[in-house]
Amino acid sequence: MTVAVTGASGQLGRLVVEALLKDGSQPVVAVVRDPAKVADLAERGVEVRAASFDDPAALEQAFQGVDRVLLISGNEFGKRVAQHTNVLRAAEAAGVKLLAYTSIPKADANPLILAQEHIGTEAVLAGAKIPTTVLRNSWYWENYNGGLAHAVESGTLYGAARDGKVSGAARADYAEAAARVLTTDGHEGKVYELGGDETLTYAELAQVLSEVSGKPVVYQDLPQADYAAALEGAGLDAGYAAVLADADAGIAEGILAVDSGDLQRLLGRPSTPVAEVFRAALA
């Protein structure tokens with residue numbers, strides 16, 4: 001059985017390929033736009049095939065002889081439903097037996113800006129001619145890494161999540177779970193709500209950051225609009241700042257709190273502690 005990973009040059013995609021190589025039970029195909037970015041993987045025995053989400057013919061060719069595909073959601077906002085549909089249709093035409101897709105928690109009723117193209121994609125998958133599996137990944141703890149140093153230096157972690165909780169996990173945890181779906185049986189038609197063992201408020205995240213850094217850090221909650229403005233003032237694109245502030249508002253409403261236990265069952269172990277992720281980021 002051969003498995004393929006789209007977006008294999010990205011952060012999550014590379015980790016999935018690494019997990020598959022560690023498992024070693026199946027031949028691995030990396031589907032990327034630029035093969036040069038994964039030359040190191042090719043040297044380790046991964047078959048690299050070039051295809052863009054915008055090129056259905058190339059995608060169909062890339063999936064020839066592949067049994068299972070992981071569709072890692074694209075990063076071109078506004079185009080993703082059409083692109084993901086291209087991947088599904090190509091997988092169907094190539095005779096793929098299972099397509100797994102990385103989505104977002106509670107995508108059947110998730111109001112976040114980030115969720116809308118996932119909702120659209122899941123609607124397309126519902127009519128697929130091949131079996132599908134949906135991996136609804138909650139937050140990556142690494143999402144906070146970019147602001148950790150500033151939070152430690154200033155003594156303040158800013159956000160707009162109020163006392164809402166987020167069930168995060170390390171990116172590698174989600175990658176390992178995806179690899180497990182690609183290499184084991186019984187996942188057809190399943191929708192997995194994936195979140196880590198720790199479900200924490202931002203005040204609790206600030207406390208973890210204090211313990212890891214050895215410096216006091218407190219959480220300062222801001223109104224959503226003020227937080228978006230602060231992010232924009234820190235140099236983020238206005239649209240991206242709005243998306244992050246909207247995500248925090250969703251956390252305040254419990255959208256990213258997941259207690260299904262699905263991630264832990266797929267992994268066969270607890271998720272990686274946030275302290276470990278933060279410690280590595282600050283090293």
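**Exercise 1. Place K129 in this predicted model. Which loop holds K129, and is K129 buried or exposed?**

Step 1. Find the flanking elements. K129 sits in the loop between α5 (116–125) and β6 (132–137).

Step 2. Check the surface. The relative accessible area of K129 is 74%. Exposed means over 50%, so K129 is exposed.

Step 3. Look across the chain. K129 and E92 are 37 residues apart along the chain. Their C-alpha atoms are separated by 6.5 Å.

**Exercise 2. Describe helix α7. How many of its 13 residues are buried?**

Step 1. Start with the span. Helix α7 covers residues 171–183. From first C-alpha to last it reaches 19 Å. That is close to the 18 Å expected at 1.5 Å a residue.

Step 2. Count the covered positions. Ten of the 13 residues are buried, and α7 is mostly covered.

Step 3. Name them. The buried residues are R171, D173, Y174, A175, A177, A178, A179, V181, L182 and T183.

Step 4. Bring in a rule about helices. An α-helix has 3.6 residues a turn, so residues three or four places apart point the same way. Keep this in mind when you view the helix.

**Exercise 3. Examine the phi angles of K106 and R162. What is the value near which each phi lies?**

Step 1. Take K106. Its phi is near 55°, a positive value in a residue other than glycine.

Step 2. Locate K106. The residue lies in the loop between β5 (98–103) and α5. Its relative accessibility is 27%, so K106 counts as partly exposed.

Step 3. Take R162. Its phi is near 50°, again positive in a residue other than glycine.

Step 4. Locate R162. This residue is in the loop between β7 (156–159) and β8 (166–167). With a relative accessible area of 46%, R162 is partly exposed.

**Exercise 4. Work through the aromatic pairs. How many are there, and which residues form one cluster?**

Step 1. Get the total. The count comes to four aromatic pairs.

Step 2. Describe one of them. W141 and Y144 form a tilted pair, 6.4 Å centre to centre, with 35° between the planes. Both W141 and Y144 are buried.

Step 3. Describe another. Y202 and Y219 form an edge-to-face pair. The centres are 5.3 Å apart, with 75° between the planes. This pair links distant parts of the chain: Y202 is in helix α8 (residues 202–213) and Y219 in strand β11 (residues 218–221), 17 residues apart.

Step 4. Check burial. Buried means under 20%. Y202 has 2% relative accessibility, so Y202 counts as buried. Y219 has a relative accessible area of 17%, so Y219 is buried too.

Step 5. Put the rings together. W141, Y144, Y202 and Y219 form one aromatic cluster.

**Exercise 5. Trace strand β2 and its neighbours. Which residues point one way, and which the other?**

Step 1. Judge the cover. Strand β2 (residues 28–32) is mostly covered, with five of its five residues buried.

Step 2. Sort the directions. V28, A30 and V32 point one way, while V29 and V31 point the other way.

Step 3. Go to β1. Four bridges join strand β1 (residues 3–6) to β2, and the two run parallel. A4 stands opposite V29 in β2.

Step 4. Follow the connection. From β1 the chain crosses through helix α1 (residues 11–23) to β2. This β-α-β crossover is right-handed.

Step 5. Go to β3. Four bridges join β2 to strand β3 (residues 47–50), which run parallel. The bridge partner of V29 in β3 is E47.

Methods:
Residues are numbered from 1 along each chain as its sequence is written. This is a predicted model: local features need pLDDT of at least 70, side-chain atom pairs count only at pLDDT 80 or more; totals for chains, interfaces and linings use all residues. Side-chain values use heavy atoms; hydrogens and water are left out. Buried means under 20% relative accessible area, exposed over 50%, partly exposed in between (1.4 Å probe, protein chains only). The expected span of a helix is 1.5 Å times one less than its number of residues. Rings of Phe, Tyr and Trp (its six-membered ring) pair if their centres lie within 6.5 Å; planes under 30 degrees apart count as stacked, over 60 as edge-to-face and the rest as tilted. Two strands pair if DSSP finds at least two bridges between them. A crossover is right-handed if, with the strands pointing away from the viewer, the path from the first strand over the helix to the second runs clockwise.
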